[in-house]
Amino acid sequence: MAEVMKKMAALIVLGGVFFLMACGDKTAETNSTDTADAQNEIPGWLKDFYNGGYEFKNSSIDLETGTASVVMSGKVTSSPYVQYVKVLEPQDSLWSEAYYYGDGDEIEVLLKTDSGYVTQRQTRRHPYGYGEELIFSDPLKETLDDVQCDVYETEYSVDVAEQANEDVGEEVISEPLTAVVTQKYYVDPEKDELIRIETDLTDLTAKTSASVFMMSQGLSFDKAMKKVSDYQTMDVYEITAYDDDLSIKIPDHN
C-alpha cells in the first residue's frame, strides 16, 4: 500500500505540477472579507510570480525519507503564456519534455515521448494556492542558500468530494471530504522576490486516495481512510531566476 500511495502522490504532482507553474496574464483573486486588511492583499512579490517570466525547479519530496520521487526543471513566459518542462526524475517517465501554451482556460500541450511528439488539449491549471483566500502569517526568518528570507505561512482547503464528483459527472461522494493544504512562501526581502514555495500535500494525498476507495468500492469515508497509508509528501517549487525577456520556442511537430 505504501508503494500505491507513493504512486498516487506522484500522480498528484504529475497531474498538478507538470502543467501549471505559470499563470500568464491572469490576476489572482484578493480577499474581500469584512476583516480583510493589508495582510489579506496579494503581495507584490506573489503578483510578480504569477505574471512574470522565470526558470524553475520542481520536486515532490517524501517527508519521511527526504528523497525526491519526481523532479523537473523548466521555464515560463507569461505574455504570451508558454511553459516548458523537462523531466529529470523518474527516468522511466512516459514523456521527457512538455510544452504548454495558448490563451484562456483550454490550452495546447505538446509532449515529447520515445516515439515522437504527442499533442493534446487540457484545462490550464495554476500553482497551489492560486486564487485562494490566503492569509499570510507574520514573516519568520530563515536562511536559504545564503539568503536571509522572510518566510510566510498560510493554508487553504480543497473540496475533494466536489472535485471527484465533477470529474465523473455525477454525485458519487455525498459525504464531506475536505483536505487542508499548508504552504510556506520564501521571499528575498532585498529583491522583494519569491524564490521558493513549499506545499504540504499530505492531507490532500490522503483524502484523494480515500475518494478513490469511496468511488471504486463504495466505502464510507471512515472505512476508506483506514485503507490509506500515512504517506507524507511535499511539493517544493524553486524559482531559480526571474527573466521577463525569456523566450520559449515550441518545436515543429507537424
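**Exercise 1. How many aromatic pairs does the structure hold?**

Solution. This predicted model holds 14 aromatic pairs.

**Exercise 2. Classify the aromatic pair of Tyr54 and Tyr242, then place both residues in the chain.**

Solution.
- Step 1: The ring centres of Tyr54 and Tyr242 are 6.1 Å apart, and the planes make an angle of 65°.
- Step 2: Planes over 60 degrees apart count as edge-to-face. The Tyr54–Tyr242 pair is therefore edge-to-face.
- Step 3: Tyr54 lies in strand E1 (residues 54–62) and Tyr242 in strand E11 (residues 233–242). The pair links distant parts of the chain, 188 residues apart.
- Step 4: Tyr54 has a relative accessible area of 0%, so Tyr54 is buried. Tyr242 has 26%, so Tyr242 is partly exposed.

**Exercise 3. Classify the pair of Tyr84 and Tyr99, and say which strands the pair ties together.**

Solution.
- Step 1: The centres of Tyr84 and Tyr99 are 5.1 Å apart, with 45° between the planes. The pair is tilted.
- Step 2: Tyr84 belongs to strand E3 (residues 81–89) and Tyr99 to strand E4 (residues 97–101), so the pair ties together parts 15 residues apart in sequence.
- Step 3: Tyr84 and Tyr99 are both buried.

**Exercise 4. Which residues form one aromatic cluster with Tyr54 and Tyr242?**

Solution. Phe49, Tyr50, Phe56, Tyr130 and Tyr237 form one cluster with Tyr54 and Tyr242.

**Exercise 5. Over which rings do the charged ends of Arg124 and Lys227 sit?**

Solution.
- Step 1: The charged end of Arg124 sits over the ring of Tyr81, 3.7 Å from the ring centre.
- Step 2: The charged end of Lys227 sits over the ring of Phe213, 6.0 Å from the ring centre.

Definitions and conventions. Residues numbered from 1 in each chain as written. Predicted model: local features only at pLDDT ≥ 70, side-chain atom pairs only at ≥ 80, totals over all residues. Heavy atoms only, no water. Phe/Tyr/Trp six-rings, centres within 6.5 Å; stacked < 30°, edge-to-face > 60°. Helix = DSSP H or I, 4+ residues; strand = E, 2+ residues; numbered from the N terminus. Buried < 20%, exposed > 50% of the residue type's maximum accessible area, 1.4 Å probe, protein only. Lys NZ or Arg CZ within 6 Å of the ring centre and 35° of its normal.
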